[in-house]
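New to this structure? Here is a quick briefing to read with the model open beside you.

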Amino acid sequence: MKFFIDTANLEQIKEAQDMGILDGVTTNPSLMAKEGITGTDNIMKHYVNICNLVDGDVSAEVIATDYDGMVREGEALADLHDQIVVKLPMIKDGVKACKYFSDKGIKTNMTLVFSAGQALLAAKAGATYVSPFIGRLDDISTDGLNLIAEIRMIYDNYGFETEILAASVRHTMHVIDCAKLGADVMTGPLSSITGLLNHPLTNIGLEKFLADYKKGN
Ligand code: G3P
């Protein structure tokens, strides 16, 4: 299972990278705005900074909602760095743009996916990643994890190679449940990754080992 961090915050990206377990980064316009990164030039520079911090794929989202605009923006994003994955919205022109980029061998991530039908379209268009937003489904009393299970079944039925990137992950149990269901990737905040470290018996056990060592030394 790949671990992506879902943020545009360089310190948090660096912290996850330094742990040695990070496989990539996802961003979106809201996450950029949260870090105060505004204006096309600054946003483009920030993507390059992120790529220089990590080894894996970095999703960079287009703003255009029409096919020509998405192609233009996506090409400019892909030209920034070979780690860039063009992130496209799950609308008709987004699917068409996804097919355009996959035919050219440029990696894509279909975002804002909330149904199995949308995920099927993403796979048909040759998306590298499909991003079902599980937390936002949970927010409206719909089982986000069930969507991961449905997509896994459909992709396995036909051998689709599109990777299921569980997005809008909010906490550690989302990560664990996505792993059980066979999501290929999860993207979440730093806390959803570092939270996996926590177990009181680990802390108690370590304290005891260290105390016993001190007794003999
Ligand atoms: O990965 C998608 C993500 O950025 C959305 O997360 O928490 O805003 O639903 P959230």
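Where does methionine 19 lie? You'll find methionine 19 in helix α1, which covers residues 10-19. Keep in mind that this is a predicted model. The points below go topic by topic, starting with that methionine.

**A nonpolar patch on the surface**

- Methionine 19 shares a nonpolar surface patch with Ile21 and Leu197.
- Together, Met19, Ile21 and Leu197 have about 260 Å² of accessible area.
- Methionine 19 counts as partly exposed because its relative accessible area is 37%, and partly exposed is the class between 20% and 50%.

**Aromatic rings**

- The count of aromatic pairs comes to 6.
- One of these pairs is tyrosine 100 with phenylalanine 101, with ring centres 5.2 Å apart and 80° between the planes.
- That pair is edge-to-face, because the label goes to planes over 60 degrees apart.
- How exposed are the two partners? Tyrosine 100 is partly exposed, at 25% relative accessibility, while phenylalanine 101 is buried, at 0%.
- Tyr67 joins Tyr100 and Phe101 in one aromatic cluster.
- Tyrosine 67 also has a charged neighbour: lysine 96 lies over the face of its ring, 4.3 Å from the ring centre.

**Salt bridges**

- Side chains of opposite charge can pair when their charged atoms come close.
- How many salt bridges does the count come to? The count comes to 12 salt bridges.
- Lysine 87 and glutamate 61 make one of them, with their closest N and O atoms 3.8 Å apart.
- This bridge links distant parts of the chain, since lysine 87 sits in strand β4 (residues 84-89) and glutamate 61 in strand β3 (residues 57-61), 26 residues apart.
- Are lysine 87 and glutamate 61 buried or exposed? Both lysine 87 and glutamate 61 are buried.
- Aspartate 177 and lysine 180 form another salt bridge, this one with closest N and O atoms 3.9 Å apart.
- Both aspartate 177 and lysine 180 belong to helix α9 (residues 172-181), where they are 3 residues apart, about one turn of the helix.
- Lysine 180 is exposed, with 64% relative accessible area.
- Lysine 215 and aspartate 212 also meet through their side chains in a salt bridge, at 3.0 Å from N to O.
- Lysine 215 and aspartate 212 are about one helical turn apart because they sit 3 residues from each other in helix α11 (residues 200-216).
- Lysine 215 is exposed, at 68% relative accessible area, whereas aspartate 212 is partly exposed, at 32%.
- Elsewhere, salt bridges with shared partners tie Arg152, Asp156 and Asp184 into one network.

**Spots in the loops**

- Glutamine 83 is in the loop between α4 (67-80) and β4.
- Glutamine 83 counts as buried because its relative accessible area is 12%, and the cut-off for buried is under 20%.
- The side chain of glutamine 83 reaches the backbone oxygen of aspartate 55, at 3.4 Å.
- Glycine 105 has its place in the loop between α5 (92-103) and β5 (108-113).
- Glycine 105 is exposed, with 63% relative accessibility.
- How far apart in space are glycine 105 and lysine 180? From C-alpha to C-alpha they are 30 Å apart, with their positions 75 residues apart in sequence.

**Positive phi values**

- Leucine 112 has a phi near 60°, a positive value in a residue other than glycine.
- Leucine 112 lies in strand β5, and at 34% relative accessibility leucine 112 is partly exposed.
- Serine 168 has a phi near 60° too, again a positive value in a residue other than glycine.
- Look for serine 168 in the loop between β7 (163-166) and α9.
- Serine 168 is buried, with a relative accessible area of 10%.

**A buried strand residue**

- Isoleucine 5 lies in strand β1, residues 2-6.
- Isoleucine 5 counts as buried, at 0% relative accessibility.
- Isoleucine 5 and aspartate 41 are 36 residues apart in sequence, and their C-alpha atoms are 23 Å apart in space.

Terms used. Residues numbered from 1 in each chain as written. Predicted model: local features only at pLDDT ≥ 70, side-chain atom pairs only at ≥ 80, totals over all residues. Heavy atoms only, no water. Patch = residues over 30% accessible without salt bridge, like charges linked within 9 Å, V, L, I, M, F, W, Y side chains within 5 Å. Areas by Shrake-Rupley, 256 points an atom, 1.4 Å probe, with all protein chains shown as cover. Salt bridge = Lys/Arg side-chain N within 4 Å of Asp/Glu carboxyl O. Helix = DSSP H or I, 4+ residues; strand = E, 2+ residues; numbered from the N terminus. Buried < 20%, exposed > 50% of the residue type's maximum accessible area, 1.4 Å probe, protein only. Phe/Tyr/Trp six-rings, centres within 6.5 Å; stacked < 30°, edge-to-face > 60°. Lys NZ or Arg CZ within 6 Å of the ring centre and 35° of its normal. Polar contact = N/O pair within 3.5 Å; in protein donor to acceptor, adjacent residues only side chain to side chain.
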